[in-house]
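Please look through the sequence and the model below before reading on. The paragraphs that follow begin at a single residue and then widen the view step by step.

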Amino acid sequence: MLVSFHQILQDAYKGHYAVGAFNCLSVEHVMGAIKAAETLRSPIILQLAEVQFPCAPIDLMAPVYLEAAAKADVPVAVHLDHGQSLETCVKAIKLGFNSVMFDGANLPFEENVRQTAEIVRIARAAGVDVEAELGKVGDTGFGGGEGTGEADPDVFTDVEESAEFIARTGVDALAIAIGNLHGRYVATPKLNIDRLKEIAQRNNLPLVLHGGSGTSEEDFKSCIHNGISKINVATALQMAVTDAVKKYIEECPGANYIDMKSVIVEATCESVKQHILLFESDGKC
């Protein structure tokens, strides 16, 4: 069932678990993700980032996401990830996404506040929820590059700025920077859990972790138990599918396209299951 982003995150926030937000780039990705969520009775978020539009056009993916969400027997939200402009957020809203993320983290603080608040105003009129970002989550290529695991403390989300930002924008969730990086890591990222605790204690709002791939199980658990209510998964999902397809082609001389689609669905399903269990959202619906 299609459920609001706000409701899914509030339930996670109050229940002290995190909901996985999976960047699905194909019908097979969507089918596998929903299958995993229904099997483990977990809420889930299907999302698409603006940077992924060239390989998964939003106009084509929106109906797939929305139909899958409507027919699922678990709560599903349909979310724009890393919208880079007001125009992109408005387009997603018009296409039926029930939440959008505006990424103004690279803007000066005041400009990030101004643009985010405007998007919140427009989204509210359409009954759509908003996620924003404060602090700079490093980028190793958003699914293609490699990270060392190190992040500059100067780009961590500031505790007092987070409170001011939330008060002035009215966002439903805030993505924060605590040493997390997008993409594939060559070393385990070092997260500042103390900073997360300070931000969570200062604000009564679900927090979001971007760049989850490569994070240790210990850090994931620390994040979930200290205020993170949504965790984005993109690179890990792509890697799982790529590895499964490679194995299928190597082991099956008669490999064909139809069977390969089934391989992608099952690989997606298994990867999403693993994350659902890790995030402790299983059995929550």
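Serine 271 lies in helix H10, and it is a convenient place to enter this model, which is predicted. Is this residue buried or exposed? With a relative accessibility of 5%, serine 271 counts as buried, because the cut-off for that class is under 20%. Setting aside the neighbours within four places in sequence, the residues in contact with serine 271 are Ala236, Leu237 and Ala240.

From this one position the view can be widened to the whole protein chain, whose secondary structure comes to ten helices and twelve strands. The protein chain has 285 residues, and 56% of them are buried. When contacts between residues at least 6 apart in sequence are considered, 76% of these contacts join residues that are at least 24 apart.

How are the strands arranged? Eight strands close into a barrel, following the order S1-S2-S3-S4-S5-S8-S11-S12, and their pairing is parallel. From one strand to the next, the twist averages 25°. Strands of a sheet pair through backbone hydrogen bonds, and this can happen in either a parallel or an antiparallel sense.

The closure of the barrel can be followed at S1, which pairs with strand S12, residues 228–233, in the parallel sense over four bridges. Here valine 19 stands opposite lysine 230 of S12. Helix H10, already met through serine 271, packs on the sheet and touches S1, S2 and S12, while the direction of H10 makes about 150° with that of S1. As for S1 itself, five of its five residues are buried, so that this strand is mostly covered. Val19, Ala21 and Asn23 point one way from S1, whereas Gly20 and Phe22 point the other way, and all are buried.

On to S2, where the picture of enclosure is repeated: six of the six residues of S2 are buried, and therefore this strand is largely enclosed by the rest of the structure. Ile44, Leu46 and Leu48 point one way from S2 and Ile45, Gln47 and Ala49 point the other way, and all of these are buried. S1 and S2 run parallel and are joined by three bridges, with glutamine 47 in S2 serving as the bridge partner of asparagine 23. Between these strands the chain crosses from S1 through H2 to S2, and this β-α-β crossover is right-handed.

S2 and S3 also run parallel, joined by six bridges, and the bridge partner of isoleucine 44 is valine 76 in S3. In this step the chain crosses from S2 through H3 to S3, in a β-α-β crossover that is right-handed.

Helix H2, which carries the chain from S1 to S2, can be examined for its length as well as its packing. At 1.5 Å a residue, the 14 residues of H2, numbered 27–40, should span 20 Å, and this agrees with the end C-alpha atoms, which are 20 Å apart. Which residues of H2 are buried? They are Glu28, His29, Val30, Gly32, Ala33, Ile34, Ala36, Ala37 and Leu40. An α-helix has 3.6 residues a turn, so residues three or four places apart point the same way. The buried residues of H2 pack against strands S1, S2 and S3 and against helices H3, H9 and H10. After H2 comes arginine 41, whose phi is positive, near 55°.

The last stop returns to H10 and its packing with another helix. Helix H8, residues 217–224, packs with H10 at an angle of about 55°, and their axes are 9 Å apart. That angle makes H8 oblique to H10. On the H8 side the contact is made by Glu217, Phe220, Lys221 and Ile224, and on the H10 side by Leu277, Leu278 and Phe279.

Definitions and conventions:
Residues are numbered from 1 along each chain as its sequence is written. This is a predicted model: local features need pLDDT of at least 70, side-chain atom pairs count only at pLDDT 80 or more; totals for chains, interfaces and linings use all residues. Side-chain values use heavy atoms; hydrogens and water are left out. Helices (H or I, at least four residues) and strands (E, at least two) are DSSP runs, numbered from the N terminus. The expected span of a helix is 1.5 Å times one less than its number of residues. Buried means under 20% relative accessible area, exposed over 50%, partly exposed in between (1.4 Å probe, protein chains only). Contact means heavy atoms within 4.5 Å. Two strands pair if DSSP finds at least two bridges between them. Axes are lines fitted to C-alpha atoms, for helices over the stretch in contact, and angles run from 0 to 180 degrees between N-to-C directions. A crossover is right-handed if, with the strands pointing away from the viewer, the path from the first strand over the helix to the second runs clockwise. Angles under 35 degrees count as roughly parallel, over 145 as roughly antiparallel, 65 to 115 as roughly perpendicular and the rest as oblique.
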